[in-house]
Amino acid sequence: MRGLWFLATLGLAAAEDGLNAWLRYARLPSDVVEQASVPSNIIALNTNQSSPVYTAGQELQKGISGILGKALNVTHVASEIPSVVVGTVAAFNESGILIETPELEEDGFWLSTKGDTVEIVGQNERGALYGAFEYLSMLAQANFTEVAYATNPSAAIRWINQWDNMDGTIERGYAGLSIFFKSNAIVSNVTRVAEYARILASIRVNGIIINNVNANAMILSDANMAGLARVADAMRPWGVKVGISLNFASPQSFGGLRTFDPLDQSVITWWTGITNKLYQHVPDMAGFLVKANSEGQPGPLTYGRTLSDGANLFAKAAKPHGGIVMFRAFVYDNQHLNEANWKDDRANAAVDFFRDLDGQFDDNVVVQVKYGPIDFQVREPPSPLFAHLKQTASAIELQVTQEYLGQQCHLVYLPPLWKTILDFDLRVDGEKSVIGPDILSGKRFGKKGLTGYAAVVNVGLNSTWLGTHLSMSNLYAYGRLAWDPTANEVEILEDWTRLTFGLDDMVRETITSMSMQSWPAYENYTGNLGIQTLTDITGPHYGPNPQSMDNNPWGQWTRADAYSIGMDRTVKNGTGYAGQYPTEIAAAFEDIATTPDDLLLWFHHVPYTHVLKNGKTVIQHFYDAHYAGAETAATFPQQWSKLQGLVDEQRYNETQFRLTYQAGHAIVWRDSINQFYNSISKIADAQGRVNNHPWRIEAEAMTLKNYRATTVTPFEVASGLRVVQTVGSSTAGSVSATLNFTAGVYDVAVAYYDMFEGQASYELFLNDKSVGKWVGDNEYKLGYTLTRGIDGHSATRITFAGVQIKPGDVVRVDAKANGRETAPLDYIAVLPPGVVD
């Protein structure tokens, strides 16, 4: 917990601490400002301070002052003075301002910068605010071109899910404690809440669920309902509606009833009363999010009722108030799945549970479907459930917080992953059915209104919001893609970079280069060929632990043995999952010849010696891809170093630290996965790299003083299968070795384990001369889920560059254990220039 509190306060004293995200409104260079032509006045056609139109006027004033250094007055009455005018279509008409705009849909807007007046016209008040942010985005990027266009959202629902717990912690959150909750209550100071709403409005997000889907029924207390009203008041001026997650068993656990059966009249009456009370506190509440009968959560199946019975219980209570019920399709049995049963398959669950319920949900229920059938993996095929919900409103669930994808300690730009889903054509009934523009828009099945997007974000009190500056590109891109799923992910990234770091071309090109390489690299060094992210699925979901995928009922199986690997999901031989897709897609995935290699092991169980379309065997591809991914990650600190002096010092240093950490942890991943599959397949790497590290000195092979050699679990997270750790919890010790490398300049890397509840200290010496010292304090610098063990989560490296070495030199590490951290060491690597090991 100490680490979480520290993260919450990082960088608050510095001007460029990330708090303003992409809304910095940094002053443009004076020669650029001279090119800008902006009216001298702002007219916001609403005087209500809780109105998004009023807010738009204030934001325009703030933004233009920051970007251009021009102080504009804000008025609220139409005049003939050249002005930036912002308001709704109705307000323009009522003010007598003549406008000609195309037809606008809900939340859409018209922006015209032609002539001496800037027109920002929203279909509603949110749309007007979105148009104001669009105009400011153009100015901040020095885009002064004359434009006149209308834009409408692809879908009505563009929501955020926060997995915040009422004690202030955040499930799968990596940026400190909650901005919404503390000590089982909603916070009294909602300043950060309002700041978050401003950020969300700028990317056209219109709703948020503020508490964890694994909900605590105490959210329904009178005090917390009043707190919810405070949150809603803070977010309302930004056009963001507030909703909450509900615990299905609340009538029993909180209300004192004997049952939570959704068809029991006492339960119906109780939920109706609670809902009415909630809407008294927050009349414009967005609605509810419900997780039921999944991962231990209660639900209607407990009483032999259907999932639609459960969803409709809440829908009927919310309907009179205009509320929406988002009902998660993430329903599966994590207690009884049996890997020994060739037909068992968690991936089948969503379609199996929901397919026959299509058309049985009330019209204000939206089934919220994770993008893939398992759980936010590094690559999954799209959920086939999207093809089955023809009469039921649906929304896709994406994840901005990087639960399985590096937990914001690894740079992973997610839109290229999301686009594999949004751009996928499901070919329902043989017709074009692209998930983003056709299905989620509602157009393919003639749905109107309630379709769209939800993203699990999990911002925290850290000033960067997500724990690291570069991860915010994913939140920005989510909003852009929810508005228009056909938007180009590179163009989105470049816009975000200019807004966040300025207009320098090298900065933009470098961040774009690293970001676009980041997801393929992460996939390569974690889990490729569709095998999923080979992480510790029974633990933190962070570091490598491939054996945790199997031999348990969680159903994220690889079915790897000594000869073969992969899930057979064919209809002919396997679990039948491939048959859940429409005919054309099912046929493609059924046949190994037409299954793309990047999903091969998702759909087929094959020998390690199976030859891929690129001519490599599966096992050799594994080896090569993991080396390639780590080599790419190793370039990130080098690429970023070119930006020193072009990015402010605080953000430069914080980002360089994380990219350097990622480069080291990518090697941990590479070695662990390769070592594991080499050990069970007994197939050598054709290039002789796996388990062959000529530049390393294993710690257990060194001269030890007050250190002892031990094995680790899982075994593959230690190079050479063993580590050394001090003999006591406060012992000082050392390891040393005589070097026999050709004289020259090397980088010296020390691999060690940085655990929670202890800060061991280390110092590296060469011939008794100090090279550098450090402390095992990553828990105070990084936000990943902390562990107390010597494992793939705590494994890390520190590197000292440019060390002059000759044969006979003695290298030594002195260390002192602290608390639970017994100064564990794995190896020392003496690396020639360009070698990644």
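These notebook entries record what I looked up on one helix, its packing partner and three backbone features.

**Entry 1: the model.** I worked from a predicted model.

**Entry 2: helix 15.** I began with helix 15, which covers residues 472-483 and so holds 12 residues by the definition of helices as DSSP runs. From its first C-alpha to its last, helix 15 reaches 17 Å, close to the 16 Å expected at 1.5 Å a residue.

I then asked how many residues of helix 15 are buried. I found that 11 of the 12 are, so the helix is largely enclosed by the rest of the structure. I noted the buried residues as Met472, Ser473, Asn474, Leu475, Tyr476, Ala477, Tyr478, Gly479, Leu481, Ala482 and Trp483.

**Entry 3: helix 13 against helix 15.** I next looked up helix 13, residues 415-422. Its axis and that of helix 15 come within 11 Å and cross at roughly 25°. Because angles under 35 degrees count as roughly parallel, I recorded helix 13 as roughly parallel to helix 15. The crossing of the two helices is right-handed.

Which residues make the contact? On helix 13 I listed Pro415, Trp418, Lys419 and Leu422. On helix 15 I listed Asn474, Ala477, Tyr478 and Leu481. An α-helix has 3.6 residues a turn, so residues three or four places apart point the same way. By class, I entered 6 nonpolar, 1 polar and 1 charged residues for this contact. I also noted that the contact residues of helix 15, Asn474, Ala477, Tyr478 and Leu481, appear among the buried residues of that helix.

**Entry 4: a cis peptide bond.** I turned to the backbone. Most residues other than glycine have a negative phi, and most peptide bonds are trans. Thr713 and Pro714 are joined by a cis peptide bond, with omega about 0°. I located Pro714 in the loop between strand 21 (707-711) and strand 22 (722-726).

**Entry 5: positive phi in one loop.** I looked up Leu529, which is not a glycine yet has a positive phi of about 60°. Leu529 lies in the loop between helix 17 (505-525) and strand 17 (564-565). Asn551 is likewise not a glycine and has a positive phi of about 60°. I placed Asn551 in the loop between helix 17 and strand 17.

Is each of these residues buried or exposed? Leu529 has 4% relative accessibility and therefore counts as buried, the cut-off being under 20%. Asn551, with a relative accessible area of 72%, is exposed.

Conventions. Residues are numbered from 1 along each chain as its sequence is written. This is a predicted model: local features need pLDDT of at least 70, side-chain atom pairs count only at pLDDT 80 or more; totals for chains, interfaces and linings use all residues. Side-chain values use heavy atoms; hydrogens and water are left out. Helices (H or I, at least four residues) and strands (E, at least two) are DSSP runs, numbered from the N terminus. The expected span of a helix is 1.5 Å times one less than its number of residues. Buried means under 20% relative accessible area, exposed over 50%, partly exposed in between (1.4 Å probe, protein chains only). Axes are lines fitted to C-alpha atoms, for helices over the stretch in contact, and angles run from 0 to 180 degrees between N-to-C directions. Angles under 35 degrees count as roughly parallel, over 145 as roughly antiparallel, 65 to 115 as roughly perpendicular and the rest as oblique. A crossing is left-handed if the near helix is turned anticlockwise from the far one by less than a right angle, and right-handed if clockwise. Contact means heavy atoms within 4.5 Å. Ala, Val, Leu, Ile, Met, Phe, Trp, Tyr, Cys and Pro count as nonpolar, Asp, Glu, Lys and Arg as charged, and the others, Gly among them, as polar.
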